[in-house]
Every structure is written in structure tokens, then in C-alpha cells.
Amino acid sequence: MTDRKRTTAIQVRVTEQEKRKLERQARLCDLSLSGYLRRVGVGKAAAVFPRQRFHALYQQVNVLRDNLTTQPMEWTAAQLDELAGQILTAYTSGGTDDGGN
């Protein structure tokens, strides 16, 4: 964040449902509501970070690591290829693919 002070407020009226949706989107982007509204208000991307999906993929990587010496190399290589594809999909989806979680 820059060291400039924000001194001007903007009031916007929304419904309770709209407010809840905006707050949810801000949380998904790991931003405060004000930060989220500032970003989208000036046309910047506020990408959703699919935390649950990345956590599930992280766990799958750990399982592969733990079983590295007990599984055939071909099986491990195939699993790593699959995981790489899933990670790329989660990363490029802008948070729209949460892996069903």
C-alpha cells in the first residue's frame, strides 16, 4: 500500500443480499471490502484465490511424496502429470474452479 492518505469517502446504498455478496467476493480475494471495491472500481482485477482447491492439491502432492519409494515410477509420473494439469486449471480459472469444494 502506498503512504498516501485516503480522506474521501463514497457512500453507496446496496441491499443486504448485495452487501453479503460483495463481502463474500472480497473474502475470496483475500481483500477487505473497501480494498475489493477500490480495485474493481478502478478496473483492476480482483482475482478469487481458490484456497480449498489448492489445499486439496497440496495434500495430493504430499501423498505422492510419502509414497514415492513404494509406487512404480510410471504411476507416480502419471499422477504428477495429472496434478500439474489440475494446478494449472485452478490457477488460470480465476477462482471459478473450486474443485467442487
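Colleague: Are helix 1 and helix 2 roughly parallel or roughly perpendicular to each other?
Modeller: In this predicted model, the axes of helix 1 (residues 16–28) and helix 2 (residues 33–41) come within 9 Å and cross at roughly 90 degrees. Axes are lines fitted to C-alpha atoms over the stretch in contact, with angles of 0 to 180 degrees between N-to-C directions. An angle of 65 to 115 degrees counts as roughly perpendicular. Helix 1 and helix 2 are therefore roughly perpendicular.

Colleague: Which residues of helix 2 make the contact with helix 1?
Modeller: Contact here means heavy atoms within 4.5 Å. Helix 1 contributes L22, E23, Q25 and A26. On the helix 2 side, the partners are L33, Y36 and L37.

Colleague: How many residues of each class, nonpolar, polar and charged, does that contact have?
Modeller: Tyr, Leu and Ala are among the nonpolar types, and Glu is among the charged ones. The contact of helix 1 with helix 2 comprises one charged residue, one polar residue and, as nonpolar ones, five.

Colleague: What is the relative accessible area of Y36?
Modeller: Y36 sits in helix 2. Leaving aside neighbours within four places in sequence, Y36 is in contact with L22, Q25, A26, C29, L31 and A46. Y36 is buried (under 20% relative accessible area, 1.4 Å probe, protein chains only), because its relative accessible area is 10%.

Colleague: What is the C-alpha to C-alpha distance between Y36 and E23?
Modeller: Y36 belongs to helix 2, while E23 is among the helix 1 residues in the contact between the two helices. In sequence, Y36 and E23 are 13 residues apart, and in space their C-alpha atoms are separated by 8.7 Å.

Colleague: Is T76 buried or exposed?
Modeller: T76 lies in helix 4 (residues 73–92). Not counting residues up to four places away in sequence, T76 touches L68 and Q71. With a relative accessible area of 3%, T76 is buried.

Colleague: What pattern does the chain follow along the sequence?
Modeller: The chain has four helices and zero strands (DSSP runs: H or I, at least four residues; E, at least two). Read along the sequence, the pattern is α-α-α-α.

Colleague: What percentage of the exposed area of the chain do carbon and sulfur atoms supply?
Modeller: Buried residues make up 18% of the 101 residues in the chain. The chain exposes about 8,300 Å² (Shrake-Rupley, 1.4 Å probe). Of that area, the part supplied by carbon and sulfur atoms is 54%.

Notes. Residues are numbered from 1 along each chain as its sequence is written. This is a predicted model: local features need pLDDT of at least 70, side-chain atom pairs count only at pLDDT 80 or more; totals for chains, interfaces and linings use all residues. Side-chain values use heavy atoms; hydrogens and water are left out. Buried means under 20% relative accessible area, exposed over 50%, partly exposed in between (1.4 Å probe, protein chains only). Angles under 35 degrees count as roughly parallel, over 145 as roughly antiparallel, 65 to 115 as roughly perpendicular and the rest as oblique.
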